Amino acid sequence: MFRGGTRRLLPGQALRLPKRGGELTVLRGRLWLTRGKDPGDHFLVAGQRVRLGDHEDAVIEPAESARGVSLHWEPRPALASALLARPLSGLAFLAFIAARGFAALAHKAAAAARRARGRQPVGDGYAVFVAPGSGRSGESSRRC
């Protein structure tokens with residue numbers, strides 16, 4: 001299985017790309033690309049790139065029978081390796097998840113405080129009406 005990097009395909013060789021997705025660049029020659037869900041074939045020449053999505057079947061081979069093709073395949077990294085490869089990005093991601101958790105806790109605490117004071121919670125499924133010209137919001141909430 002081709003995991004990535006630069007490779008030369010000789011005439012008559014075919015190569016199935018990993019289903020993890022990534023970017024394919026033609027370095028030299030002309031490449032024939034067949035994608036599983038796409039009924040048509042694609043021909044790429046030197047300098048052209050194509051991105052393949054996750055779980056996409058793709059087979060490549062040289063388009064000209066007399067010459068081979070050089071290509072570069074950069075697979076999309078798995079989530080775990082992407083987080084380990086960029087520790088700061090991984091820490092930022094974890095901080096984002098923690099912040100969302102704290103925001104959800106704060107929202108629940110505010111709703112509990114409103115209930116304790118005897119007010120109806122204002123949130124999903126509720127609308128607050130403001131009387132025009134009075135400059136203050138109405139205290140009553142109505143269910144939508």
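This is a short tour of the structure in your viewer, stop by stop. Keep in mind that the model is predicted.

**Stop 1: the open sheet**

Start by selecting strands E2, E7, E4 and E5. Together they make an open sheet of four strands, in the order E2-E7-E4-E5, with antiparallel pairing. Which strands stand at the edges? They are E2 and E5 (41-45), and each has a single partner strand, so one side of each is left without a neighbour in the sheet. Now narrow the selection to E4 and E7, an antiparallel pair joined over five bridges. For one position in this pairing, click on Leu31, whose bridge partner in E7 is Pro62. While you are looking along a strand, a general point may help with orientation: in a regular strand, side chains alternate between the two faces of the sheet.

**Stop 2: Arg35**

Stay on strand E4 and pick Arg35. Is this arginine buried or exposed? Arg35 has a relative accessibility of 17%, so it counts as buried, the cut-off being under 20%. Show its side chain and look for the backbone oxygen of Arg51, which lies 2.8 Å from a polar atom of that side chain. Then display the surroundings: leaving aside residues up to four places away in sequence, Arg35 touches His42, Val50, Arg51, Leu52, Glu56, Asp57 and Ala58. Two of these names, Arg51 and Asp57, come up again below.

**Stop 3: strand E3 and its partners**

Next, select E3, which covers residues 22-28. Five of its seven residues are buried, so the strand is largely enclosed by the rest of the structure. E3 runs antiparallel to E6, and four bridges join the two. One position to click is Gly22, which has Leu52 as its bridge partner in E6. E3 also runs antiparallel to E8, here with six bridges. In that pairing, Val26 stands opposite Leu71.

**Stop 4: the nonpolar core**

Leu71 leads straight to the next selection. It is among the residues with the most contacts inside the largest nonpolar core, along with Leu17, Leu24, Leu31, Leu44 and Ile60; the core has 15 residues. Colour by strand and you will find that E3, E4 (30-35), E6, E7 and E8 (69-75) each supply at least two of its residues. Which strand gives the largest share? That is E8, with three residues.

**Stop 5: charged pairs**

Finish with the salt bridges, of which the structure holds seven. As a reminder, side chains of opposite charge can pair when their charged atoms come close.

Select Glu23 with Arg49: their closest N and O atoms are 3.3 Å apart. Arg49 lies in E6 and Glu23 in E3, so the pair ties together parts that are 26 residues apart in sequence. Arg49 is exposed, at 56% relative accessible area. Keep Glu23 selected and add Arg51, with which Glu23 forms a salt bridge at a closest N and O separation of 3.1 Å. This pair also links E3 to E6, over 28 residues of sequence. Arg51 is exposed too, with a relative accessible area of 65%.

Last, select Lys19 and Asp57, whose closest N and O atoms are 3.3 Å apart in another salt bridge. Lys19 sits in the loop between E2 (15-16) and E3, and Asp57 in the loop between E6 (49-52) and E7 (58-62), 38 residues apart. Both are partly exposed, Lys19 at 46% and Asp57 at 31%. Add Arg16 to see the network of salt bridges linking Arg16, Lys19 and Asp57.

How values were computed: Residues numbered from 1 in each chain as written. Predicted model: local features only at pLDDT ≥ 70, side-chain atom pairs only at ≥ 80, totals over all residues. Heavy atoms only, no water. Salt bridge = Lys/Arg side-chain N within 4 Å of Asp/Glu carboxyl O. Buried < 20%, exposed > 50% of the residue type's maximum accessible area, 1.4 Å probe, protein only. Core = buried A, V, L, I, M, F, W, Y, C linked by side-chain atoms within 4.5 Å. Pairing = 2+ DSSP bridges. Polar contact = N/O pair within 3.5 Å; in protein donor to acceptor, adjacent residues only side chain to side chain. Contact = heavy atoms within 4.5 Å.
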